[in-house]
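Here is a short round of questions on how structural labels are earned. Each answer sets a value against its cut-off.

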Amino acid sequence: MSDPLLGDYRPGDTVLHRLPAGAKLLALAVGGTVVALRSPTIGLVALAVSLVLVAVSGMGLRRTLRALRRIAVVVVLLGAFAVWQHGWWRAVESVADLVALVLAATVLTATTSVDELLDTLTRLLRPLRRLGVDPETVALAFSLTLRAIPTTLEIARETRQAAIARGLQRDPRALLVPLVIRVVAEARSTGQALQARGIGED
Amino acid sequence: MSIGLDRVGVTVPGPDGPLTILEETTLDLTERRIALIGPNGSGKSTLARLVNGLVEASTGQVTVDGLDVATQGREVRRRVGFVFTDPAAQLVMPTAVEDVALSLRRAHRNRAERQRAALAVLEAHGLADLADRSVHALSGGQRQLLALAGVLATGPSVLVADEPTTLLDLRNSRRVADLLFGLEQQLVLVTHDLDLASRCERALVVDGGRVVHDGTGADAVAHYRATA
């Protein structure tokens with residue numbers, strides 16, 4: 001799993017590393033809402049801000065390009081569809097929005113340990129305890145979702161290689177069926193691992 | 001510690017009716033190191049997983065130190081650590097120190113304390129230099145040692161290890177075995193490594209969902225070799 005979509009946490013001492021996880025989550029939520037406004041200018045400004053954040057986080061060009069490589073196909077398809085349906089400006093807006101958000105999320109995960117995210121989410125969700133929500137469980141589910149993204153991509157890569165090895169690279173069943181089965185199996189084994197470690201039982 | 005199985009059986013639904021995975025078995029496991037050996041699909045992993053409730057008994061009762069696994073599963077799992085064959089399935093956090101810290105969330109509510117405790121656990125297992133490494137970037141042996149460290153961090157009284165050395169090379173296999181046999185905890189070891197099994201005070205040979213031999217490690221290995 002050498003190419004995670006989101007950045008693995010790397011300890012550091014940048015401003016972004018020192019910023020509380022709650023502030024970073026809030027900024028990401030606000031950013032995600034702002035880019036939803038329909039304006040190519042906002043999209044380009046968001047992209048510029050994300051690039052500044054990438055530079056400040058010390059992620060480096062290589063890791064940034066690795067993160068973007070994972071969404072290259074989606075970006076191309078989205079851009080082409082937007083050009084076809086709405087013209088160039090909407091395409092620029094859609095692509096800039098998507099890349100800006102992926103970069104911002106990558107900066108968040110690269111500068112915030114999952115442990116800190118778990119703590120922050122648990123604290124933020126605490127008021128919902130009165131409604132029967134278990135903050136620890138929801139926070140754990142959030143961090144497991146982050147983990148599931150690179151794991152699922154790795155399973156997809158292995159499944160594709162297995163299909164190629166059997167000469168079935170053009171058969172969608174040889175790609176999709178094992179992918180779905182393995183992802184479900186992975187989810188089951190993760191559940192068993194958590195159960196075995198007594199995590200999420202408090 | 002005492003692990004008790006009182007007329008425990010495991011069946012699962014099959015295409016032609018219920019399929020027996022483990023026939024009715026009664027055992028009292030009190031020795032410090034116990035091995036479960038036998039062919040693939042014999043039921044030894046099922047037997048091991050009954051101990052912390054990963055597999056539920058269809059009949060009978062499983063107890064750990066008098067606690068019923070079916071009704072007091074949470075308390076049992078606090079006492080029984082479990083290590084899987086493939087450590088990748090067990091490591092759920094992105095970096096080594098975060099994964100150990102996850103095990104310590106119950107014991108240390110303060111994050112800084114938890115971080116220090118997790119680093120101390122890694123240090124104790126000779127893994128301190130891997131603290132900030134992605135768990136995906138570790139070798140198989142490092143991952144298995146990390147999985148063990150994460151489980152042992154919670155201070156279980158019993159450790160169940162399901163073929164923990166099967167995926168490892170000789171050097172890492174020895175390192176994991178040395179760690180397991182140096183533990184104070186009671187060890188239930190599912191293994192195909194007959195050298196390891198013969199080092200145990202007690203070993204059960206499981207075949208076709210039944211315990212077909214129960215003796216000392218050396219005795220059970222001799223029986224298994226003669227009948228395999």
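The questions below concern a predicted model.

Q: Why is A:Leu26 called exposed?
A: A:Leu26 has a relative accessible area of 57%. Exposed means over 50%. The value passes that cut-off, so A:Leu26 is exposed. A:Leu26 is found in helix α2 of chain A, residues 21-34.

Q: What makes the nonpolar surface patch with A:Leu26?
A: The patch is made by A:Leu26, A:Val30, A:Val34 and A:Leu37, and covers about 350 Å². Patch residues need over 30% relative accessible area. A:Leu26, at 57%, therefore meets that requirement.

Q: How do you know that strands β3 and β9 of chain B pair?
A: Pairing takes at least two bridges between the strands. Strand β3 (residues 33-37) and strand β9 (residues 202-207) of chain B have 4 bridges, in the parallel sense. The count meets the cut-off, so they pair. B:Ala35 stands opposite B:Ala203 in β9(B).

Q: What is the strand order of the open sheet in chain B?
A: The order is β6-β7-β8-β3-β9-β10, 6 strands with mixed pairing.

Q: Why are β6 and β10 of chain B at the edges?
A: β6 (80-83) and β10 (210-215) of chain B each have a single partner strand, so one side of each lacks a neighbour in the sheet. Neighbouring strands of this sheet are turned by 15 degrees against each other on average, direction ignored.

Q: How many helices and strands does chain A have?
A: Chain A has 9 helices and 0 strands. Buried residues make up 39% of its 202 residues.

Terms used:
Residues are numbered from 1 along each chain as its sequence is written. Chains are lettered from A and ligands numbered from 1 in the order in which they are written. This is a predicted model: local features need pLDDT of at least 70, side-chain atom pairs count only at pLDDT 80 or more; totals for chains, interfaces and linings use all residues. Side-chain values use heavy atoms; hydrogens and water are left out. Patches are made of residues with over 30% relative accessible area and no salt bridge: like charges are joined within 9 Å, nonpolar side chains (Val, Leu, Ile, Met, Phe, Trp, Tyr) within 5 Å. Accessible areas come from the Shrake-Rupley method with a 1.4 Å probe; for residues, only the protein chains shown count as cover. A salt bridge is a side-chain nitrogen of Lys or Arg within 4 Å of a carboxyl oxygen of Asp or Glu. Helices (H or I, at least four residues) and strands (E, at least two) are DSSP runs, numbered from the N terminus. Buried means under 20% relative accessible area, exposed over 50%, partly exposed in between (1.4 Å probe, protein chains only). Axes are lines fitted to C-alpha atoms, for helices over the stretch in contact, and angles run from 0 to 180 degrees between N-to-C directions.
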